[in-house]
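Me: I'm new to reading protein structures. Can we go through this one together, one question at a time?

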Amino acid sequence: MVEHDKDQKIFFMIEDGFKAFLRYEITDGRIDVLTTQVPEEISGRGIARNLMDECFRFANERSYEFVPKLSCSYARAYLLKKSRT
């Protein structure tokens, strides 16, 4: 289950004792995903996608736009794929 720490500006999950997270910042109504980190021990389970799904929902609910060139390469790929569907 993805949790949101608004004060720290992260979405995170604890899986098998390991913490995966997505860090973001918001400036002038635009959101930038700074990084998505998933420990190797729990990679390949769709965790980064789950984090981005939650971030995407959060942004849409608040009418935030994503910055044109996101800092995180995974987030850029996620949004590119999402725009094609």
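**A walk through the model**

Me: Let's start with a single residue. Where does Lys-69 sit, and is Lys-69 buried or exposed?
Reply: Keep in mind that this is a predicted model. Lys-69 is placed in the loop between E5 and H2. Its relative accessibility is 64%, and the cut-off for exposed is over 50%. So Lys-69 counts as exposed.

Me: How many Å apart in space are Lys-69 and Val-33, C-alpha to C-alpha?
Reply: Along the sequence, 36 residues separate Lys-69 and Val-33. In space, going from C-alpha to C-alpha, the distance is 9.6 Å.

Me: Now the sheet. In what order do the five strands lie?
Reply: The sheet is an open one, and its pairing is mixed. Reading across it, the order is E1-E2-E3-E4-E5.

Me: Which strands stand at the edges of that sheet?
Reply: Look for strands with a single partner strand, so that one side is left without a neighbour in the sheet. That fits two strands, E1 (3–5) and E5.

Me: Which strands does H1 touch, and what angle does the direction of H1 make with that of E2?
Reply: H1 packs on the sheet. It touches E1, E2 (10–15), E3, E4 and E5. Its direction and that of E2 make an angle of about 145 degrees.

Me: How many bridges join E3 to E4?
Reply: E3 covers residues 18–27, and E3 and E4 run antiparallel. You can find partners across the pair: Tyr-24 is opposite Val-33, and Arg-23 has Thr-35 as its bridge partner. The number of bridges joining E3 to E4 is seven.

Me: And which residue in E3 is the bridge partner of Met-13?
Reply: Here we're looking at E2 and E3, which run antiparallel and are joined by six bridges. In E3, the partner of Met-13 is Ala-20.

Me: Which residue in the hairpin of E2 and E3 takes a positive phi?
Reply: That hairpin has two residues between its strands. Phi is positive there, near 50 degrees, in Asp-16.

Me: What is odd about the phi of Asp-28, and what is its value?
Reply: Most residues other than glycine have a negative phi. Asp-28 lies in the loop between E3 and E4, and that hairpin has two residues between the strands. Asp-28 is exposed, at 77% relative accessibility. Although Asp-28 isn't a glycine, its phi is positive, at about 50 degrees.

Me: What about Ser-63: where is it, and what is its phi?
Reply: You'll find Ser-63 in the loop between H1 and E5. At 62% relative accessibility, Ser-63 is exposed. Ser-63 isn't a glycine, yet its phi is positive, near 60 degrees.

Me: On to H2. How far apart are the end C-alpha atoms of H2, and what span should we expect?
Reply: H2 has twelve residues, 73–84. At 1.5 Å a residue, the helix should span 16 Å. The end C-alpha atoms agree with that, being apart by 17 Å.

Me: Which residues of H2 are buried, and which exposed ones are on the face turned away from them?
Reply: The buried ones are Ala-75, Tyr-78 and Leu-79. They cover an arc of only 95 degrees around the axis, so they're on the same side of H2. The buried residues pack against E4 (30–37), H1 (47–61) and E5 (65–66). The face turned away from that buried side carries Lys-81 and Arg-84.

Me: Is Thr-36 buried or exposed, and which residues does Thr-36 contact?
Reply: Thr-36 is in strand E4. At 14% relative accessibility, Thr-36 falls under the 20% cut-off, so it's buried. Leaving aside neighbours within four places in sequence, its contacts are Phe-21, Leu-22, Ala-48, Leu-51, Cys-72 and Tyr-74.

Me: Last one: how many disulfides are there in the whole structure, and why don't Cys-55 and Cys-72 form one?
Reply: Cys-55 is buried at 0% relative accessibility, and Cys-72 is buried too, at 7%. The sulfur of Cys-55 is 9.7 Å from that of Cys-72, its closest cysteine sulfur, and that's too far for a bond. A search of the whole structure gives a disulfide count of zero.

Notes:
Residues numbered from 1 in each chain as written. Predicted model: local features only at pLDDT ≥ 70, side-chain atom pairs only at ≥ 80, totals over all residues. Heavy atoms only, no water. Helix = DSSP H or I, 4+ residues; strand = E, 2+ residues; numbered from the N terminus. Expected span 1.5 Å × (residues − 1). Buried < 20%, exposed > 50% of the residue type's maximum accessible area, 1.4 Å probe, protein only. Arc of directions from axis to C-beta. Contact = heavy atoms within 4.5 Å. Disulfide = S-S within 2.5 Å. Pairing = 2+ DSSP bridges. Axes fitted to C-alpha atoms, helices over the stretch in contact; angles between N-to-C directions.
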